[in-house]
Each structure stands twice: as C-alpha cells, then as structure tokens.
Amino acid sequence: MSNPDEAATHNGDAGPSATAFTPPAYVENPTPALGFGVSSITRRWKREDLFNKGSLIARGFAFLLSLLSFIITASNKHGDWRNFDNYEEYRYLLAIAILSTLYTGIQALIHVNALWNVKQILNQRISAMVDFVGDQVMSYLLISSVSAAIPLTNRMREGQDNAFTDSSASAISMSFFAFLTLAISAVVSGYKISTQSYI
C-alpha cells in the first residue's frame with residue numbers, strides 16, 4: 001500500500017513539500033541599483049560627448065594656428081637676405097605647417113561628420129588609433145620645426161630686429177601653439193584608446 005502523500009505527488013498535486021522554490025526578492029531597495037546603472041551610463045555618454053567635442057575644438061584651433069603659421073611664413077619675403085626661401089629652417093617650418101594644416105583640417109571634417117551623422121567613416125577603434133598616432137606624429141613634427149627655427153631667429157634678432165625676424169617669430173609662435181593644441185588632442189585620443197573594449 002502506498003503512502004497518500006506519495007500518491008498525491010504522483011497525481012500532480014503539489015503537496016506542501018513539493019512547492020517550487022522561488023528565490024527571495026531583494027528587499028533592500030532595488031531601485032537605486034537600477035538608477036545607479038542608468039546614471040552611470042548617461043554619465044559615460046556625456047563624458048564621451050564632451051571628449052568628442054573637446055577633440056574637435058582642439059583640432060579646429062590647431063587647424064587655424066597651423067594655417068596662420070603657413071600664411072605668415074609663406075608671405076615672409078622682404079627682399080635680399082630677408083626671404084624665408086634662403087633658410088632651410090624656415091622652409092622646414094613652412095612644410096610642417098602645410099602638413100599640419102592638411103592633417104588637422106581633414107581630422108576636423110571627419111569629426112564634424114561623426115558628430116552630425118550616425119554613420120562613421122572608420123570603425124570607432126580604428127578611428128581612435130588613427131587619431132592618436134596622427135596627433136602624436138604631427139605634434140612631434142611641429143615641435144621639431146619650431147626647435148629648428150628658434151636658434152636661427154634668435155641669432156638674427158641679436159644683430160638686427162626687423163619685419164622679417166618679427167614675422168618669423170610670429171610663425172614660430174603659431175606653430176608652437178598648434179603643437180600645444182595637438183598635444184591636448186593626443187591626450188584625449190589616448191584616453192579614447194584606453195576606454196575601448198578589445199574583446
């Protein structure tokens with residue numbers, strides 16, 4: 001003869017011992033955990049948006065400063081020995097200013113496109129790597145052109161201070177400030193690389 005409890009269990013009746021186990025609910029205020037997750041996501045989005053806009057602003061300033069350096073150097077022709085063509089250092093300064101103008105202009109256009117359009121030209125990870133490497137290379141080239149042109153300008157200003165040396169000093173200053181803005185942009189690009197997921 002079978003036990004009545006066993007028969008009830010075999011018939012599909014759930015006895016007191018056969019009730020399904022339900023995990024205990026989190027009773028200690030589950031809403032803040034959900035709110036914390038949402039707020040951390042929105043904070044991250046705001047931070048990424050701030051970095052994207054900051055990077056665009058830095059590249060815009062670098063573009064303007066590089067363009068000014070290019071224009072000032074290219075127009076620094078005052079006749080005789082006061083032509084930038086006669087000095088290798090100033091030709092190097094001009095070449096790097098042209099490269100920097102092209103690079104920062106293209107990068108600014110790419111970032112404007114990325115901010116206004118959902119579709120990006122490059123993958124986000126590849127774009128962050130290109131930004132970082134490009135900013136690093138261009139900032140090093142800018143500071144090397146500045147360091148090459150400063151000693152020549154200082155020697156000329158010791159002998160004679162004129163419009164040629166003043167224009168050279170202005171072009172050097174613009175290239176130096178372009179270097180600073182690209183260095184800031186490189187730091188932002190490095191942060192973007194460090195926050196990328198590589199899984």
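Here is a walk through this predicted model, from its overall layout to its cores, salt bridges and surface.

A word on ground rules: because this is a prediction, local features need pLDDT of at least 70 and side-chain atom pairs count only at pLDDT 80 or more, while totals for chains, interfaces and linings use all residues. Residues are numbered from 1 along each chain as its sequence is written, and side-chain values use heavy atoms, with hydrogens and water left out.

Let's start with the fold. The chain has five helices and zero strands, so reading from the N terminus you get α-α-α-α-α. Helices here are DSSP runs of H or I with at least four residues, strands are E runs of at least two, and both are numbered from the N terminus. Of the 199 residues, 30% are buried, where buried means under 20% relative accessible area, exposed means over 50%, and partly exposed is in between (1.4 Å probe, protein chains only). Contacts, meaning heavy atoms within 4.5 Å, reach well along the sequence: among those with a separation of 6 or more, 80% join residues 24 or more positions apart.

UniProt, in an unreviewed entry, places the feature "transmembrane region" at residues 50-72, 92-116, 128-150 and 170-191. Those positions are given in the numbering used here, with feature names shortened, and such annotations may be inferred rather than shown by experiment. Two of these spans can be checked against the model. Residues 50-72 are 100% helix and 0% strand, with end C-alpha atoms 33 Å apart. For residues 128-150, the end C-alpha atoms also lie 33 Å apart, and the span is again 100% helix and 0% strand.

Now for the inside. A nonpolar core is a set of buried Ala, Val, Leu, Ile, Met, Phe, Trp, Tyr and Cys residues joined through side-chain atoms within 4.5 Å. The largest one has 12 residues: Phe84, Tyr87, Tyr90, Leu93, Leu94, Val146, Ala149, Leu152, Met156, Phe164, Ala171 and Ile172. Helix H3 (88-116), helix H4 (124-159) and helix H5 (163-194) are the elements that give it two or more residues, and H4 gives the most, with four. Take Leu152 as a way in: not counting residues up to four places away in sequence, Leu152 touches Tyr87, Glu89 and Tyr90. Apart from this core lies another, of 10 residues, including Leu65, Met174, Ala178 and Phe179.

Some polar residues are worth a stop as well. Thr153 sits in helix H4 and counts as buried because its relative accessibility is 4%. What does Thr153 contact, leaving aside its neighbours within four places in sequence? The list is Tyr90, Thr165, Ser168, Ala169 and Ile172, and two of those names, Tyr90 and Ile172, also appear in the 12-residue core. Over in helix H5 you'll find Ser175, which is buried with a relative accessible area of 1%. Leaving out residues up to four places away in sequence, Ser175 touches Ser69, Leu93, Leu142 and Val146.

On to the charges. A salt bridge here is a side-chain nitrogen of Lys or Arg within 4 Å of a carboxyl oxygen of Asp or Glu, and the count comes to four. One of them pairs Asp131 with Arg59, at 4.0 Å from N to O. Asp131 lies in helix H4 and Arg59 in helix H2 (residues 31-74), so this pair ties together parts that are 72 residues apart in sequence. Arg59 also bridges to Asp135, with the closest N and O atoms 2.6 Å apart. Since Asp135 is in helix H4 too, that second pair ties H2 to H4 across 76 residues of sequence. Arg59, Asp131 and Asp135 are thus linked in a network of salt bridges. Are these residues buried or exposed? Asp131 and Arg59 are buried, and Asp135 is buried as well.

Compare the bridge between Asp85 and Lys77, with closest N and O atoms 3.4 Å apart. Asp85 is partly exposed, with a relative accessible area of 35%, and Lys77 is partly exposed at 47%.

Finally, the outside. The chain exposes about 12900 Å², of which carbon and sulfur atoms supply 65%; accessible areas come from the Shrake-Rupley method with a 1.4 Å probe, and for residues only the protein chains shown count as cover. Ile98, Leu102, Ile106 and Ile110 form a nonpolar patch on the surface, with about 330 Å² of accessible area together. Patches are made of residues with over 30% relative accessible area and no salt bridge, joining like charges within 9 Å and nonpolar side chains (Val, Leu, Ile, Met, Phe, Trp, Tyr) within 5 Å. Within this patch, Leu102 belongs to helix H3 and is exposed, with a relative accessible area of 52%.
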